[in-house]
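Hi everyone, thanks for making the time. I'd like to talk through how one chain meets its neighbours, and then turn to the core.

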Amino acid sequence: MIAKKHVFSIAILAACVLGLVLSASAAEKLKVGFVYISPIGDAGWTYQHNLGRLALEKNLGDKVETKYIEKVPEGPEAERVIRNLAKSGYDLIFTTSFGYMNPTLKVAKMFPRKYFEHCTGYKTAKNVGTYMCRYYQGRYLAGIIAGKMTKSNTLGYVAAFPIPEVIRGINAYTLGARSVNPAIKVKVIWVNSWFDPGKEREASEALIAQGADVITHHTDSTAPVLTAEEKGVYAIAYHSDMSKYGPKAQLTAVTHNYGKFYTKVAQSVLDHTWKPEAVWSGIKEGSIKLTPINPVVPKGVVALVEKTTKGIADGTFKPFHGPIKNQNGKLIVAAGKSLTDKDLLGMNYYVEGVQGSIPK
Amino acid sequence: MDVAIVLKILIAAVAAGTPFVYAALGELVAEKSGVLNLGVEGMMLVGAITGFIAMAKTGSLLLAVASGMTAGMLMAAIFGVLTLTLMANQVASGLALTIFGIGLSAFLGLNYTSIALPGIPELPIPLLSDIPVLGKLFFSYDILVYGSLALFLLVSWFLYKTRAGLILRGIGETPKSAHALGYNVIRIRYLAVLFGGAMAGLGGVYLSVAYTPVWVEGMVAGRGWVSLALVVFATWRPLRVLFGAYLFGAITIAQFHVQGLGIDIPSQLLSMLPYLATILVLVVISRDLTAIRLNSPASLGITYHPENQ
Amino acid sequence: MGLLQAHCPGAAGTNVKTNNIQLIIRLLIPLGAVLLALLIGAVMLLSLGADPVSGYATMFRAAFGSLDGFSETAIKSIPLLLVGVGICIAFRANVINIGGEGQMVIGALLSTTAALAFPDLPSLVLIPVVLLAGAVGGAFWGAIAGALKAWFNVSEILSTIMLNIVAVQFMNFLLRGPMMDPAEVARGTGIPQTMRLSPNADLPILIEGMRIHLGVVIALGVAIGAYFLLWRTSMGFRLRAVGYNPDASRYAGISVPKNITAALAFSGAMAGIAGAILVFGSESHRMVTDGSSMGFTGSAGFNGIVVALLAGLHPLWSIPSALLFGGMLVGANALQRAAQVPSALIIALNGLIVVFVVSSEYFKQRAIPTIRVDGEMDGAEEGGANNG
């Protein structure tokens, strides 16, 4: 028994030494890990994050080494994957889905000397920062285009799950559209899935059948744009440029871009200046962009969009400025006021012009 | 809701139901021969990606359909070898096929995730499609939808009007007697399983080439399992499969329309309905012994090999 | 049910030498199947430009190369083992339970409800309570399929498939509605998750600094318990009798419907415990859904079937079998991290192993001519082999 014990401790000692050697040789490069919810090639959410990762690699060159793990479900599995990244020497870990929030915080507690950044969450900690984009700014701009381009005054919105992030987008889109065309109605269909091309198509078709002639979506596949192209209506894409799926249909796409942010965070870790922050960046920082607007959109509309973009960038214009009425016509933001970030984060009501109710 | 909307729901329901028609009719033939293949989801996925690749490379719908069917058949052949030659358990083999198909299709599709296909055009039948209301409802689909109707006619005719169909059903009932009468049970079951695979593959092709002409991992999204349920729901009758597929399509589409009209419904509870209905149908038909004897293959899922008898 | 039926070596009286050879064959053939699958996986790795040798080495190191890796593997194996053991039990009564996914979900939901209802019970009481609630939930969901089969003649294969989907939608409904974390509701952020459950229900960590927790011990205990249930109790005898020859059992006064229901209930209970362990052994100590069952179960409800098959449908052999699969899943992540291969390859590899394991049954049968369907000797012998 005693001999066995010795062998065991020697083995552990050897493992430790080996571990030290390995970590020493790897210490020069900053190892950055990314955890993705879906495969990288999906032309959607994860695709954009992966573009950000590649931009980070390009910008910082051999100062960093990045790796990703894709298709990690938001359950017990996420904890294991995040922990294993931390354990195998990754110093900075980006977790890029809402549901990774608790696992990220838990793992961060176990590895106090590693840095974590969680996308779309609202809880920070000593070594956990959060980041997300002000998608709603892009939505507002897209709403202006849609409001000008619709003939039926009916816009269709294919949405995944009723969480504030999605509801904010619906409301901003509606406000943007109604700012140029107060007769606009927005119809929303919830498909209860981030990613199901079949359902997204069926929902888009239902919206078109009910008179919507501009379709947009807060889901991950290209199906809504494809359906719009097939049915001869317009579409506003989300996440990434989908113009090759709908060259005629796509008016523009609201894209989110993380390259700059990822580079900045990695650099701050390299410089030992990293701080846990809740970063909410948008048009000003270049995180939210519209893709080139389809030539069918009149010059005047493009100019209006550009003007509003400038206003949002320099802070003189806020999409959620009063007066805003909710769905029932009740004034919720008085004229001259605008919603705070805290209000925006917990948004759980529709503004005037959106039809239907938010499912429970 | 006015007539135009109802009409649009029905037309959309037919399109949404078409992948089920293909996959479920194929599975029905396999099950009628006494083989339960739970690998429909996997076969549909592999069919979908293969058809998509062929379409992307050649632009020919015919080649897409042919390669999707071939791929489905190859998958079914794996199942056939496992269950008919190696006499492995059908349930386990079917599950294995699904797991394998999910991974294989994702692997094959790695370089095809960001390709857009033009889709396939609708083929309104001249004159007939100009009839008001009914013309649109019956005669304005793409060719694969018409193909699924042809398949329905073919399967119904084959099973109930031909001698070969009678033999197939006989094998599904009592393989032992069929064997005693000199029929090659294993060979006929192989054919039925391969047919099922080809049809599942074709259902997949419809999804990736016509319905939503993109390839994304796991895009069949549970439709294979629904197809399996539909066969039971239809108590192994082709006409009821057709009806069930369109009903399922209609419920999905109507649910979206109701939402678009602003009516709030608890969607999770609603999406349980088809499955609860299937369980209910299972209870009803399984109790009614005559219905079972008439329609459900008595030897379903039971491994048979002449040497063991 | 053909080949899934136990091919049990060693009838009474066969000499030890034959037994050993058969044991070796029993072990070698499934391992051969796994190796063959890995070989094809190597070709796929090559086609992606990755080095298969170092790739597999990475996998092995990550899963079994360190105490911490082994701890991860053990955790991953818990649901696989429990579902696998459940499959073994159901199988002995000649029912096939592919409802593990749904039973895990319902078990987890009921155990979560229990923890929400009695948060103040001391750990010594609360942990058994939540595990029991998990078992009851899973058993209930399994028993539905069992009763439908027993009294209405409904194929359990089809009904369990349907019940899986119903369970997932039910979970989504509860976690987005009545069971949602009040903090999420108040903040309006609406993550579909419950509140942080009572710390008294946390499964204790076994080794400081690692994730390995009491669930591993529970799973092992359940596996051994299932072995005793099947071969050392009259309940087990009745289950096996009904599976082996229902007509004779009926004649002997054993209620076939009751035992079929019981078999699926036991099988479901195992899955339900697995669901409870996933909730209370997790880092976040709450239940969360991503809208599918896979997110919660990690497909253990299906993979457990393969674990049981690889184990020759024996509860004790399921232990190494579950570890093998668990290790593969853990190693797969490491492989992805190291070689950046797409997740698709890992799923395909998993599928290949399943296909080869299923087909290996045939060769196993060919290699072992003495087939007995009765598990009595089989159990005793393998129990011994495992202990030795």
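I'll take the two interfaces of chain C in turn, and then the nonpolar core. A quick note before that: this is a predicted model, where local features need pLDDT of at least 70, side-chain atom pairs count only at pLDDT 80 or more, and totals for chains, interfaces and linings use all residues. Residues are numbered from 1 along each chain as its sequence is written, while chains are lettered from A and ligands numbered from 1 in the order in which they are written.

Let's begin with chain B. Here 39 residues of chain C are in contact with 39 residues of chain B, contact being C-beta atoms, placed from the backbone, within 7 Å. On the chain C side, α5, α6, α13 and α15 each supply at least two residues; helices are DSSP runs of H or I, at least four residues, numbered from the N terminus. The top contributor is α15(C), with 14 residues. By class, this side has 30 nonpolar, eight polar and one charged residues.

Now chain A: 27 residues of chain C are in contact with 34 residues of chain A. The elements of chain C giving two or more residues are α3 (67–92), α12 (293–297) and α14 (318–339). This side has six nonpolar, 14 polar and seven charged residues.

Finally, the core. Helix α9 of chain B (residues 185–211) gives the most to the largest nonpolar core, with 17 residues. Leu82(C), meanwhile, touches residues including Ala219(C), Val222(C) and Met270(C), leaving aside those up to four places away in sequence.

Methods:
Two residues are in contact if their C-beta atoms, placed from the backbone, lie within 7 Å. Ala, Val, Leu, Ile, Met, Phe, Trp, Tyr, Cys and Pro count as nonpolar, Asp, Glu, Lys and Arg as charged, and the others, Gly among them, as polar.
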